[in-house]
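The exercises below ask for a careful reading of a two-chain model, each task being followed by a solution that proceeds step by step. Please look at the sequence and the structure before starting.

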Amino acid sequence: MNDTLAGWLQVLALIGALALSYRPLGDYLARILTSAKHLRAERLIYRLGGVDGDADQRWIGYLRSVLAFSLVSVLFLYGFMRLQNHLLLSIGMQAVAPDLSFNTAVSFVTNTNWQSYSGESTMGHLVQMAGLAVQNFVSAAVGIAVVTALIRGFTRKKTDRVGNFWVDLTRIVLRVLLPLSFVLALVLVANGVIENFHAVHSISTIAGDSQSLTGGPVASQEAIKELGTNGGGFYNANSAHPFENPNAFTNWLEIYLLLVIGFALPRTFGRMVGDNRQGYAVVAVMGLIWAASVAVVTFNELHSVSSAAGHAAGGMMEGKEQRFGVWASALFAVSTTLTSCGAVDSFHDSYTPGGGGMTIFNMMLGEIAPGGTGSGLYGILVLAIVAVFIAGLMVGRTPEYLGKKLRGREIKFASLYILTTPAIVLVGSGIAMALPGERAAMANHGAHGFSEVLYAFTSAANNNGSAFAGLSANTVWYNTALGLAMLLGRFLPMVFVLALAGSLASQQPVPVTAGTLPTHRPQFVGLLTGVILIVVGLTYFPALALGPLAEGLQ
Amino acid sequence: MHLTLVEPPSSPEETPQTPQEPHRVSGGLLDPRQLITSLPEAVRKLNPRVMVKNPVMFVVAVGALLTTLSAIKDPSIFAWVIAAWLWLTAVFANLSEAVAEGRGKAQAETLRRTKTDTVARRLLDWRPGLTTLSEEEVPATRLQLEDLVVVEAGQIIPGDGDVVEGVASVDESAITGESAPVIRESGGDRSAVTGGTKVLSDRIVVQITSKPGETFIDRMIALVEGAARQKTPNEIALNILLASLTVVFLLAVVTLQPFAIYAHAEQTIVVLVALVVALIPTTIGALLSAIGIAGMDRLVQRNVLAMSGRAVEAAGDVNTLLLDKTGTITFGNRQAAEFLPVEGVSVEDLADAAQLSSLADETPEGRSVVVLATEKYGRRERHQGELGNAEFVPFTAQTRMSGVDLTEGGLTRRVRKGAASAVTAWAERNGGDAAGEVRSIVDGISGSGGTPLVVAERRGGRAKVLGVIHLKDVVKPGIRERFAELRKMGIKTVMITGDNPLTARAIAEEAGVDDFLAEATPEDKMALIKREQAGGKLVAMTGDGTNDAPALAQADVGVAMNTGTSAAKEAGNMVDLDSNPTKLIEIVEIGKQLLITRGALTTFSIANDVAKYFAIIPAMFATAYPGLNKLNIMHLHSPLSAISSAIIFNALIIVALIPLSLRGVRYRPSSAAALLSRNIWIYGLGGLVLPFLGIKLIDLAVQFIPGLR
């Protein structure tokens with residue numbers, strides 16, 4: 001089988017598998033998020049936490065719970081890393097430096113999983129398992145909880161209640177993420193991913209050097225790393241490391257896992273708003289952008305190669321694993337940058353300007369195709385609101401989406417949402433580029449060096465967490481700046497989304513008539529795609545021109 | 001349901017509408033001279049305190065100031081060109097607003113001339129029936145609520161109020177532009193008078209219903225001048241979106257400088273400002289307020305006064321239209337539709353008799369019988385005078401019939417026409433037999449919602465029933481198509497009538513309305529409105545009577561007829577000076593057109609940015625990264641000419657679009673999906689392509705300016 005055929009088969013198998021899971025997973029999520037019944041285990045948790053599982057919260061209460069939960073998580077994780085040398089299973093690791101602890105704690109709580117450190121030489125097993133892996137579950141669940149509140153804003157009428165955060169969080173973790181991760185961890189183990197409590201092994205290589213290999217509970221963390229679009233690797237090399245991602249099948253499976261919830265949530269949305277066609281429209285936009293991006297990156301990595309070595313290898317193989325090849329690496333790179341996952345099985349820094357630039361652009365889109373668990377859907381719904389607003393005016397009515405009117409209040413929150421991330425990315429990169437010391441952290445000069453900085457802030461603010469590599473980001477300045485970018489990039493949008501949810505829920509729905517803009521047709525799919533591309537394109541075009549474009553158009 | 005059809009001011013028959021043709025809501029034309037005359041006002045509006053209300057244009061003005069300072073410090077032709085065109089951009093934006101306001105100002109001037117500074121004759125003590133009155137003279141502006149004034153022929157009514165005594169003919173041309181006088185009388189629904197109008201005959205006592213300074217004319221002046229203009233909810237929402245886009249682009253450009261310095265391509269203030277202005281949505285930002293003013297203005301041109309822009313917007317959102325049957329769906333009166341003879345009588349004979357019997361009948365029904373007989377049944381046109389010995393028998397409430405007695409050659413021919421029971425009884429009394437056949441015809445007509453009039457005649461001896469005239473409500477031509485269009489727009493029509501359900505259903509079916517409310521009382525109407533609103537629908541209605549006032553207030557769009565009571569006018573949020581209920585449909589279309597114009601120009605404005613990037617980005621950075629020259633797909637002459645061309649285009653497009661923003665974009669009633677496709681193609685794609693051409697053309701010209709080579 002040649003590479004091209006194998007590549008096509010992988011892509012098609014992936015699309016097929018995602019299509020197959022769309023309905024069952026989406027319906028299941030909708031069911032557990034709307035059910036009135038609690039499991040016995042859940043009731044126990046509510047009793048222990050002093051939560052009334054049947055009492056819905058106002059949007060502000062929901063937000064307060066999200067923020068309180070996340071704050072406690074950051075503090076806990078920070079303390080954990082600072083004190084890890086005093087704890088069990090530290091396998092000899094020292095306490096983590098304050099700025100790195102802050103950066104890492106924020107990174108995992110915000111579902112970003114930006115890593116300024118090498119996991120195998122920094123974190124003990126207990127921190128990995130009880131600290132970081134726990135956040136992999138709950139941070140993913142927080143995203144789904146927030147989008148659930150937003151969907152309830154559309155489905156409910158004349159109420160100030162948008163659901164109960166603690167119930168949503170508990171159900172998503174207990175009924176979705178834990179069981180799925182458990183099964184999938186076993187599948188990964190069966191395919192060669194390691195799962196043990198070994199400390200550092202020193203081995204002698206054939207060349208005569210000595211090499212340190214850290215063992216650990218990898219598979220259990222690997223499944224949720226992908227499923228929850230976290231992306232924080234046990235090892236520095238992330239999914240390029242053979243212990244995390246040993247072969248072509250595990251690679252394919254990891255791509256599937258990091259996409260599956262994101263692509264199934266539109267179904268949940270369609271289900272909950274009582275019109276599955278709305279879900280199809282949203283998933284169509286996500287799918288279109290994803291497919292186009294896969295095509296661009298794969299084409300560039302195969303054909304836009306400038307070096308003789310690249311031509312000999314049949315594609316840009318620098319920074320890619322031989323066992324995956326160009327096709328699978330490109331597929332992984334696109335999927336991980338479009339989902340806010342940020343796991344990598346190859347180094348985006350080494351991609352062709354077209355391919356690498358596309359991975360930046362993917363993140364700049366705001367992680368919406370399909371985006372992070374939950375955050376992707378609420379991101380695209382906010383953009384849909386903006387698209388409906390402009391298009392709705394053009395049909396001569398006060399714009400309305402799913403029966404809810406889009407007036408000053410709704411547009412205010414939607415505008416603030418789309419304003420937040422670009423502001424963080426541009427201001428962050430701007431400051432970094434204005435400081436001589438921070439510029440020196442770049443491994444390359446010229447346009448490529450700038451791309452590294454732009455990538456770092458884009459990745460942090462969009463909660464992606466993948467690194468372009470090349471940038472030495474483990475400095476006090478970068479750890480702090482990127483930590484702040486992650487915090488603001490995660491929680492400010494959540495504030496606006498929940499406020500939007502509250503505002504929508506309080507409305508009396510407008511009946512659908514022939515004069516209502518239909519939001520389930522190909523027309524709307526085209527419109528939303530266009531608005532996303534133009535709004536993002538216009539925002540970042542100057543910055544992209546000085547980075548990837550300058551590099552690529554030489 | 002009271003619907004007072006006033007005598008002359010354009011009763012529905014006299015304003016023939018032609019809805020059969022594809023119509024379009026149009027606005028007045030823009031006179032190019034208006035651009036020139038409004039220029040001083042546009043410059044005056046550069047006042048920072050005025051500019052700051054429009055964030056997009058405020059940024060432009062600040063940018064213009066920065067470039068001017070920069071041009072003074074480091075003079076160059078390029079800097080001065082950019083500075084000049086940025087100021088022009090701001091002036092053009094103000095110009096659009098000034099032109100839009102200017103049209104209203106002219107109208108306000110006319111109104112102000114009629115505004116009363118008359119002396120009012122205030123009554124000190126008045127009770128109904130009192131004849132000797134003591135009065136004092138006070139300036140009209142000092143009149144308070146509830147004051148009573150007396151107005152006699154030739155005097156100007158000093159304030160808005162209700163006639164509490166007397167009847168008078170009033171010249172309301174100052175407000176409606178209609179010169180024929182109208183009758184105003186105490187009690188009923190024709191009691192409202194407006195300050196500034198003139199009593200032509202008789203004497204009335206008026207109770208003042210408006211506070212000083214808040215009279216109808218005061219409000220009209222404020223409205224057409226735009227002084228009372230507040231931003232509408234939708235305008236606010238759009239402004240928020242535009243402001244946030246402005247912030248995004250500001251950030252994108254401000255942060256660009258460190259990137260540029262790193263790339264050894266530091267940019268001047270002039271270039272950075274030019275980039276910001278090119279990117280922020282100046283086109284829509286400049287025209288937004290003109291679009292809103294022009295929307296109100298389009299209503300004023302149709303003699304509709306909207307009390308707020310909010311009401312105009314709500315009109316575009318309406319889901320349900322409550323339409324009065326009489327005057328809106330049907331002509332005001334029943335008309336003869338056909339003659340149905342009994343067996344043995346020819347239809348011509350029946351028509352002949354019917355015509356004779358109606359010659360002296362001046363009621364609309366009677367006239368319609370004559371018209372039907374001559375036009376449809378080819379009877380010779382006859383006049384009362386040509387019948388030698390004719391004695392006309394007028395209609396009375398007792399006989400319930402009318403007719404004529406003709407004596408020709410000693411033979412008397414008596415023709416009678418009237419209510420079925422009365423005429424058949426007359427025929428039987430005169431020896432005729434009212435056949436059962438007549439009854440079945442009569443029942444058939446009643447069953448279909450029509451009104452039967454039986455015609456009988458007596459020549460010499462026995463009387464004979466000739467047949468039946470079918471009178472029915474005549475649905476206005478084209479109204480059915482109009483309702484079909486409304487349905488396509490997603491608007492439900494409900495006919496309101498005092499008729500019984502049977503009659504109502506027949507007319508509803510013929511007119512093609514979606515629903516009807518028969519035997520409607522004000523309470524029924526109110527309940528209907530509340531029911532629709534509970535389902536999230538917006539309701540529009542017209543009304544004129546005092547008992548309509550609560551429903552008018554409850555409806556989202558309540559259009560009061562100018563002939564109506566002051567209570568009704570106070571309750572509604574629009575007043576139709578022509579008192580033409582059909583206009584409700586036009587009001588809805590104007591509301592929609594207003595929103596569409598905003599959306600279309602927003603789309604156009606954002607789409608424009610793509611071309612501007614392709615002009616400016618290579619101009620800024622091609623020296624540092626020559627590869628970026630590949631983005632210069634327009635092959636613009638030089639970096640300086642490229643940036644200048646983008647800025648000049650940006651300014652000129654505002655002027656070019658002023659007529660469109662005042663006129664509103666073309667609107668044809670159709671489904672939302674069809675409308676969207678059409679507008680995206682025109683304004684989205686057009687907005688993408690047009691600036692490429694425009695900037696290229698401007699570049700071809702400016703490349704000859706020495707400093708821009």
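A cavity is here a set of grid points where a 1.4 Å probe fits but cannot get out, and its lining residues are those with an atom within 4 Å of such a point. The model is predicted, and the exercises should be read with that in mind.

**Exercise 1. The largest cavity**

Task: State how much space lies in the largest cavity, and determine which residues and helices line it.

Solution. Begin with the count, which comes to 11 cavities of 30 Å³ or more. The largest cavity holds about 390 Å³ of space, and its lining is made up of 32 residues, with A:Leu365, A:Gly366, A:Tyr417, A:Thr421 and A:Asn462 lying nearest the centre. Next, assign the lining to helices: α14, α15 (408-434), α18 (476-505) and α19 (522-552) of chain A, together with α8 of chain B, each supply at least two residues. The largest share, 6 residues, comes from α15(A). Finally, sort the lining by class, which gives 19 nonpolar, 11 polar and 2 charged residues.

**Exercise 2. The largest pocket**

Task: Describe the lining of the largest pocket by position, by helix and by residue class.

Solution. The largest pocket contains about 570 Å³ of space. Of the 21 residues that line this pocket, B:Val50, B:Lys53, B:Glu97, B:Lys231 and B:Ser289 lie nearest its centre. Going on to the helices, one finds that α3 (48-51), α5 (77-114), α8 and α11 (282-301) of chain B each contribute at least two lining residues, and that α11(B) provides the largest share, with 5 residues. The classes come out as 7 nonpolar, 7 polar and 7 charged residues.

One of the residues nearest the pocket centre, B:Glu97, can be followed a step further, since its side chain meets that of B:Lys45 in a salt bridge with an N to O distance of 2.6 Å. This pair links distant parts of the chain, with B:Lys45 in the loop between α2 (39-44) and α3 of chain B and B:Glu97 in helix α5 of chain B, 52 residues apart. Over all chains, the structure holds 39 salt bridges.

**Exercise 3. The contact between the chains**

Task: Work out how much area chain B and chain A bury between them, and which elements of chain B take part in the contact.

Solution. Start with the residues: 58 from chain B and 58 from chain A enter the contact. The two chains bury about 4900 Å² between them, and 74% of this area is on carbon and sulfur atoms. In chain B, the residues that lose the most area to chain A are B:Phe259, B:Tyr262 and B:Leu676, which together account for 15% of what that side buries.

Then turn to the polar side of the contact. There are 16 residue pairs in polar contact between chain B and chain A, counting pairs with both residues at pLDDT 80 or more. The count of salt bridges between the two chains is 1; B:Asp317 forms a salt bridge with A:Lys405, the closest N and O atoms being 3.8 Å apart.

The last step concerns the elements on the side of chain B that touches chain A, where α8 (233-254), α9 (256-262), α12 (309-317), α18 (479-488), α23 (583-621) and α25 (672-702) of chain B each supply at least two residues. Here α23(B) gives the most, with 13 residues, and the residues of this side divide into 36 nonpolar, 14 polar and 8 charged.

**Exercise 4. Backbone details in chain A**

Task: Locate the cis peptide bond that joins A:Ala369 and A:Pro370, and place A:Lys158, which has a positive phi, in its loop.

Solution. The cis peptide bond between A:Ala369 and A:Pro370 has an omega of about 0°, and A:Pro370 belongs to the loop between α13 (353-364) and α14 (375-393) of chain A. A:Lys158, although not a glycine, has a positive phi of about 50°, and this residue is found in the loop between α6 (125-155) and β2 (161-163) of chain A.

Technical notes. Residues numbered from 1 in each chain as written. Chains lettered and ligands numbered in written order. Predicted model: local features only at pLDDT ≥ 70, side-chain atom pairs only at ≥ 80, totals over all residues. Heavy atoms only, no water. Contact = heavy atoms within 4.5 Å. Buried area = accessible area lost by both parts, 1.4 Å probe. Salt bridge = Lys/Arg side-chain N within 4 Å of Asp/Glu carboxyl O. Polar contact = N/O pair within 3.5 Å; in protein donor to acceptor, adjacent residues only side chain to side chain. Helix = DSSP H or I, 4+ residues; strand = E, 2+ residues; numbered from the N terminus. Nonpolar A, V, L, I, M, F, W, Y, C, P; charged D, E, K, R; others polar. 1 Å grid on protein atoms, 1.4 Å probe; cavity = no way out; pocket = protein on both sides within 12 Å on 5 of 7 lines; lining within 4 Å. Points joined across faces, edges and corners; volume = space filled by probe spheres on them.
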